[in-house]
Amino acid sequence: GQSHAMDVSDCIGETGALAMGYAFLSGEAKAAIKVSLPVLQREYGFKKMHFWGKIKGMAGDYLVAQGITHSVKDASKQFFWCTDGASWAQMLEPDAASREACAKINPAALLTGDPAFQYTVPRSAPPAEEGGEEEE
């Protein structure tokens, strides 16, 4: 295939980010994205690579990108995140247990901006023993 330099504007998805003109990104992040997304696209063999946007955290923000392996109709999408525009990590599809745990997180909880932070969720109460006394 033919290779070409990808401008940051080529990486933007169809989000409000395009209309905002990247005003929400630092110069360092713009430069890092301009270099890193084409590399990510080549490494994973994506047909298209888009910068999806920024998610604000209390102490730091998360940048999100999306790679598409096929046509839009038959799209297989993979998402990536980073905090610096350069060191991308793939977001894995959550399993049923992870989805259940995430549903228990207080919806008002803010993202910390610390990728190492782990939310704690209440454990499910064990099923009541049969034949025990019931409260009225």
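A pocket, as used here, is an open set of grid points with protein on both sides within 12 Å along at least five of seven lines. The model in these exercises is predicted.

**Exercise 1. Describe the largest pocket and its lining.**

Step 1. Start with the volume: the largest pocket has about 800 Å³.

Step 2. Turn to the residues around the pocket. The lining has 18 residues, and those closest to the pocket centre are Met91, Cys102, Ile105, Leu111 and Tyr119.

Step 3. Assign the lining to elements. Strand β2 (62–68), strand β4 (89–91) and helix α4 (96–103) are the elements that each give two or more residues to it.

Step 4. Sort the lining by class: 13 residues are nonpolar, four are polar and one is charged.

**Exercise 2. Lay out the secondary structure of the protein.**

Step 1. Count the elements: there are four helices and four strands.

Step 2. Put them in order. From the N terminus, the run is α-α-α-β-β-β-β-α.

**Exercise 3. Find which elements build the largest nonpolar core.**

Step 1. Take the members. The core has 14 residues, and Leu25, Ile33, Leu37, Met49, Phe51, Leu63 and Trp88 have the most contacts inside it.

Step 2. Look for elements that give two or more residues: these are α3 (27–44), β1 (48–55), β2 and β3 (77–82).

Step 3. Compare the shares. Helix α3 supplies the largest one, four residues.

Step 4. Follow one member outward. Leaving out residues up to four places away in sequence, Leu63 touches a list of residues including Leu25, Ile33, Phe51 and Trp88. Gly53, Lys54 and Asp84 are also among the residues that Leu63 touches.

**Exercise 4. Decide whether Gln66 is buried or exposed, and list its contacts.**

Step 1. Locate the residue: Gln66 lies in strand β2.

Step 2. Apply the cut-off. Buried means under 20% relative accessible area. Gln66 has 12%, so Gln66 is buried.

Step 3. List the contacts. Without neighbours within four places in sequence, Gln66 is in contact with Lys48, Met49, His50, Lys77, Gln78 and Phe79.

**Exercise 5. Summarise burial, surface and contacts for the whole protein.**

Step 1. For burial, 27% of the 136 residues are buried.

Step 2. For the surface, the protein exposes about 10,000 Å², of which carbon and sulfur atoms supply 53%.

Step 3. For contacts, consider those between residues at least 6 apart in sequence: 40% of these join residues at least 24 apart.

Note on methods. Residues numbered from 1 in each chain as written. Predicted model: local features only at pLDDT ≥ 70, side-chain atom pairs only at ≥ 80, totals over all residues. Heavy atoms only, no water. 1 Å grid on protein atoms, 1.4 Å probe; cavity = no way out; pocket = protein on both sides within 12 Å on 5 of 7 lines; lining within 4 Å. Points joined across faces, edges and corners; volume = space filled by probe spheres on them. Nonpolar A, V, L, I, M, F, W, Y, C, P; charged D, E, K, R; others polar. Core = buried A, V, L, I, M, F, W, Y, C linked by side-chain atoms within 4.5 Å. Buried < 20%, exposed > 50% of the residue type's maximum accessible area, 1.4 Å probe, protein only. Contact = heavy atoms within 4.5 Å. Areas by Shrake-Rupley, 256 points an atom, 1.4 Å probe, with all protein chains shown as cover.
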